[in-house]
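Here are a few short exercises to work through with the model open on your screen. Try each task before you read its solution.

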Amino acid sequence: MIDTLALTHIPPAYDAFRDEVRSFLQETLKGMSPERRARSWMGFDPEFSRKLAQRGWLGLTLPTEYGGAGKGAYARFVLSEELLAAGAPVSAHWIADRQSGPLILKYGTDVQKAFYLPRISQAQAFFCIGMSEPNSGSDLASIRTRATRTDKGWILNGSKIWTTNAQHSQYMIALVRTSGEPADRYKGLSQLIVDLSLPGVTIRPINDMSGDAHFSEVFFEDVVCPPDALIGTEGDGWAQVNAELAFERSGPERLYSSVVLLETWLKYCRQRGLAGAHTTAALGKIVSWLAVLRLMSIALAGKLDRGESPAIEATIVKDIGTEIEQAIPRLIGDVLSAEPSAQTDVPLMRTLSYLEQLAPSFSLRGGTREILRGIIARGLGLR
Amino acid sequence: MDDLLSDSLTRLLEQISTPSVIRQIEAGGSAKDLWDSIETSGFLDALVPEAQDGAGLGLTEAFPMLMAAGRFAVPAPLAQTMLARASLAQAGVPAPAGAIALLGQMPTTEPGAPLHAVVPFGRVAEWLLTTIDDQAYLLPLTQGTQFESVGHGCLSVAVRWSTGLSEMTEARAVPVAQEDIESLAAVSYAAQIAGAADRVLEMTLDYVNQRTQFGKPIGKFQAVQNQISIMAERVWVSRMAAQLACQSEDWRARPLLAAVGKARTSEAAAIVADISHAMHGAIGITEEYDLQIYTRKLREWRHAAGAETYWESRIGEALLWQDGTALSFMCETLSA
């Protein structure tokens, strides 16, 4: 059965760090429109990532010998939630910092760690995750991209799609087949770190419905990757990917995707003195949901800090967290349009509109709702 | 200490709060034997300070005991009497013998007119700790009162006293804050919902693993797994929300945490009850099958002390009338 989560506190020792992050963000993001802030971990700004790196806030949990700050999961949680709630454009470094760094730390050779981790901490290496392919979405184990071992290294052929930030990243951690056939499913999969500047790599950004191009299609044509492109153990790719998912699914970015809208609407209500029954009830519903989910996410951060891999528990937090993220634009939209005159606040309406358009992606990225619920059912002993 | 206490309370409740006892009391039978066992066990003074012969637990430590009251659908105000006794001990008032129900505030009546209110657990309590115009009172529920059940098998009853407050000789004014009574009531039902929801999930998992259709247990079907996942998520949220509501070193509940707890558990109560019945099919709605004992409680406790929108509005107002961001409100006010 699934482990129950004990309520965990972020120790008060982190309050000073939180204050420091807040005043940095207030200064650095001054004048940025709510609509841009609403992009948050889809907002790409390498300059901003470098500013964080200068403060030592990238690779916060990586060991100091590899250029990290050697801090724990609570520090990372505090930093992450402040960045997300402020709508900081963190997308450039987000994936490297959240999961590629910890993955390399866990499975990498000394040489790989010494090469990649300092670059991640200095915002010099941005990563994307190559999982989905044109014919392999939720059925990830059916991927066909193949890496063949030769004396020159790994020869890579195939393609990835929906890869967030591929067009902006130096590296991709790709899940590829290194032996067997697609019918072998989980067996024969491995992870490679692919240098995206290598000959034979073609990246084509895909426009999304909100007018951005945050993801891409990536083609590999006889790309020659060096022998040490393999990360971890050949054939263990599936297990490695699953260990990574606890990091990918448990964090505050699975709760806070609509928080910029919440903060913008809250300010608007205060300015206009709107405190009707619909407004207060919707506001209370949203923050009480987020407060409880936040505690669940903190409890998971505590487990990750103790070296546990709470994959099923993280799945629960992601599934319900994204449900609330998606409910926020719906609830706020209803209250705003209960009062048609409110629609004159264009920046607020544009922020709402952006989130209404993008919200369906919240329960697609990082594993669809249907897949997550299958994992939960397995945790409950039904499969 | 608190684990030992809650384990031994669980063992006691397994013995005394069985489905047959619950059925009998809900059908109008006396709760006296049940209550005598609870009273002699000493658990009612778990939150009373040690100096006053209690166990001196804080609300945080008492959380598993409050949840157990829900898990076993105890047909008497066990959790409420524990909390009422703690507040009376703090006020220096000796607790009366018998079960105590909680109600944040009495409906307003004309001065001197007979009092009336819907009282959760009113059918099986002897006292009501409540407030009239910001003054707290212990009102007798035993003499000169009429009870009308608000639903089949409900222990919540509409109570009509025969007199106004001034003529009610047994009523006692007590120095307890209205906010404390209301928050304690909310916390008690939040924890009970978390406990009952957990029990209902267990029963539902057992059922879908056993019941076979189309040649396999129905739990193997994706549509069923999808529903069960939604339910399990609500059960988890309920537990965390109720645990948050109980964050306090002493007996006193923090009002906004109580609000979060009661809001989220109340919403979950209806969803968990609905899905558990959908999964059980027709057998679940029979009198004979035990599921309904717990799902009827989920619905009753959702209403007790206010459902989700009532508490959400409180939280929304509190946030609206201060200056900080929603995030700082969550970190500073809605956190443990």
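What distance separates the centres of domain 1 of chain B and domain 2 of chain B, taken over C-alpha atoms? The two centres are 21 Å apart. Before going on, some housekeeping: this is a predicted model, where local features need pLDDT of at least 70, side-chain atom pairs count only at pLDDT 80 or more, and totals for chains, interfaces and linings use all residues. Residues are numbered from 1 along each chain as its sequence is written, while chains are lettered from A and ligands numbered from 1 in the order in which they are written.

**Exercise 1. Work out how the two domains of chain B meet.**

Step 1: find the bounds. Domain 1 of chain B runs over 2-168 and domain 2 over 178-332, bounds that come from an automatic or database domain assignment.

Step 2: count the contacts. Here 33 residues of domain 1 of chain B touch 33 residues of domain 2 of chain B (contact: C-beta atoms, placed from the backbone, lie within 7 Å).

Step 3: name the elements. On the domain 1 side, α2 (19-26), α4 (59-71), α5 (78-91) and β3 (127-132) of chain B give two or more residues. The largest share, nine residues, belongs to α4(B).

Step 4: sort by class. That side has 19 nonpolar, twelve polar and two charged residues (nonpolar: Ala, Val, Leu, Ile, Met, Phe, Trp, Tyr, Cys and Pro; charged: Asp, Glu, Lys and Arg; polar: the others, Gly among them).

**Exercise 2. Describe the contact between the chains from the chain B side.**

Step 1: count. Chain B puts in 36 residues and chain A 39 residues.

Step 2: locate. On chain B, at least two residues each come from α6 (178-210), α7 (222-245), α8 (255-280), α10 (308-320) and α11 (326-332). With 13 residues, α7(B) supplies the largest share.

Step 3: classify. The chain B side splits into 20 nonpolar, ten polar and six charged residues.

**Exercise 3. Decide how far to trust the picture.**

Step 1: check the chain. Chain B has a mean pLDDT of 96, and 99% of its residues reach 70 or more (pLDDT is the predictor's confidence in each residue, from 0 to 100).

Step 2: check the complex. The predictor gives an ipTM of 0.97 and a pTM of 0.96.

Step 3: keep the caveat in mind. Where pLDDT is low, don't read the predicted coordinates in detail.

How values were computed
Two residues are in contact if their C-beta atoms, placed from the backbone, lie within 7 Å. Helices (H or I, at least four residues) and strands (E, at least two) are DSSP runs, numbered from the N terminus.
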